Amino acid sequence: MKGKRGPASHEFGSAPTTIMEPPQVVLPDDQLFSRRALRLRELMVMVPALDEFLDFMARLAQAQHQVLSGREPSWRPAPDAFDQALEHRMPPLGFRALRRDLDWQGDLRSILDALALHVGERQRPLLQALRDANADALQAIAEDVLEQRAGSADTRGLMPLVAAALQVAWVR
């Protein structure tokens, strides 16, 4: 039974006093990255001191949009996967399976291709380092991103681009 009482306050903050409805899941739409690119371009005008950084980030978001729109998913769950997961009280999409089954490295290569003509000299070595990295090295960087670790001094600059590819794969 749902009550109408408000949250109970105590020295640690407040807590709900009734059973709450779970929050709605809002799935991203296919314009997520293009809207982000537009917003970053608007910020370039508002914050001139960061215009080079914001320009790169806007180009990265636009590349994400291009890859999301242009590449087919490398993996799809089986048609009955959600029913089976619910029947066995498992999450419908487990993050471990997503880490293993999605071709985020293909998305990364596509992002690098989309950025290649639009980056400055400062970013070119980052793109080249990612192109030269083998699958295991890329996976190690992805694990650092997903586990929220700082990464090594050598990989720290590569992590945002790997994170961008993971975002595309997971949004898809």
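**Close-up views of a predicted model**

A search of the whole structure, which is a predicted model, finds 10 salt bridges. The legends below cover the chain overall, selected salt bridges, two helix contacts and two buried side chains.

**Figure 1. Overview of the chain, with its eight helices and two strands.** Starting at the N terminus, the order of elements is β-β-α-α-α-α-α-α-α-α. The chain has 172 residues, of which 27% count as buried. Its exposed area is about 11,900 Å², and carbon and sulfur atoms supply 56% of this area. Among contacts in the chain with a separation of 6 or more, 61% are between residues 24 or more positions apart.

**Figure 2. The salt bridge between Asp55 and Arg59, within helix α2.** The closest N and O atoms of Asp55 and Arg59 are 3.2 Å apart. Both residues belong to helix α2 (residues 51–70), where a spacing of four residues corresponds to about one turn of the helix. Asp55 has a relative accessible area of 23% and is partly exposed. Arg59 is also partly exposed, at 31%.

**Figure 3. The salt bridge between Asp113 and Arg131.** In this pair the closest N and O atoms lie 2.9 Å from each other. Asp113 is part of helix α5 (residues 104–115) and Arg131 is part of helix α6 (residues 124–132), so the salt bridge ties together parts that are 18 residues apart in sequence. Asp113 is partly exposed, with a relative accessibility of 47%. For Arg131 the value is 36%, which again counts as partly exposed.

**Figure 4. The salt bridge between Arg124 and Glu121.** The side chains of Arg124 and Glu121 meet with an N to O distance of 3.3 Å. Arg124 is partly exposed, its relative accessible area being 34%. Glu121 has a relative accessible area of 63% and is exposed, because the cut-off for that class is over 50%.

**Figure 5. A network of salt bridges that links four residues: Arg71, Asp103, Asp107 and Arg172.** Side chains of opposite charge can pair when their charged atoms come close. In this view, the residues joined by such pairs are Arg71 and Arg172 together with Asp103 and Asp107.

**Figure 6. Packing of helix α1 against helix α8.** Two packed helices are described by the angle between their axes and the distance between the axes. For α1 (residues 32–46) and α8 (residues 159–171), the angle is about 140 degrees and the axes are 11 Å apart. This makes α1 oblique to α8, because an angle counts as roughly antiparallel only when it is over 145 degrees. On the α1 side the contact involves Leu32, Phe33 and Arg36, and on the α8 side Gln167, Val168 and Val171. By class, the residues of the contact of α1 with α8 are four nonpolar, one polar and one charged.

**Figure 7. Crossing of helix α7 with helix α8.** The axes of α7 (residues 135–146) and α8 cross at roughly 85 degrees and come within 9 Å. The two helices are therefore roughly perpendicular to each other, a class that spans 65 to 115 degrees. From α7, the residues that make the contact are Ile141, Ala142, Asp144, Val145 and Leu146. Met159, Val162, Ala163 and Leu166 make the contact from α8. Eight of the residues in the contact of α7 with α8 are nonpolar, none is polar and one is charged.

**Figure 8. Surroundings of Ser34 in helix α1.** Ser34 counts as buried because its relative accessibility is 16% and the cut-off is under 20%. Apart from neighbours within four places in sequence, the residues in contact with Ser34 are Gln62 and His65.

**Figure 9. Surroundings of Gln123 in the loop between α5 and α6.** With a relative accessibility of 13%, Gln123 counts as buried. Gln123 touches Glu52 and Phe56 when residues up to four places away in sequence are not counted.

Key: Residues are numbered from 1 along each chain as its sequence is written. This is a predicted model: local features need pLDDT of at least 70, side-chain atom pairs count only at pLDDT 80 or more; totals for chains, interfaces and linings use all residues. Side-chain values use heavy atoms; hydrogens and water are left out. Buried means under 20% relative accessible area, exposed over 50%, partly exposed in between (1.4 Å probe, protein chains only). Contact means heavy atoms within 4.5 Å. Accessible areas come from the Shrake-Rupley method with a 1.4 Å probe; for residues, only the protein chains shown count as cover. Axes are lines fitted to C-alpha atoms, for helices over the stretch in contact, and angles run from 0 to 180 degrees between N-to-C directions. Angles under 35 degrees count as roughly parallel, over 145 as roughly antiparallel, 65 to 115 as roughly perpendicular and the rest as oblique. Ala, Val, Leu, Ile, Met, Phe, Trp, Tyr, Cys and Pro count as nonpolar, Asp, Glu, Lys and Arg as charged, and the others, Gly among them, as polar.
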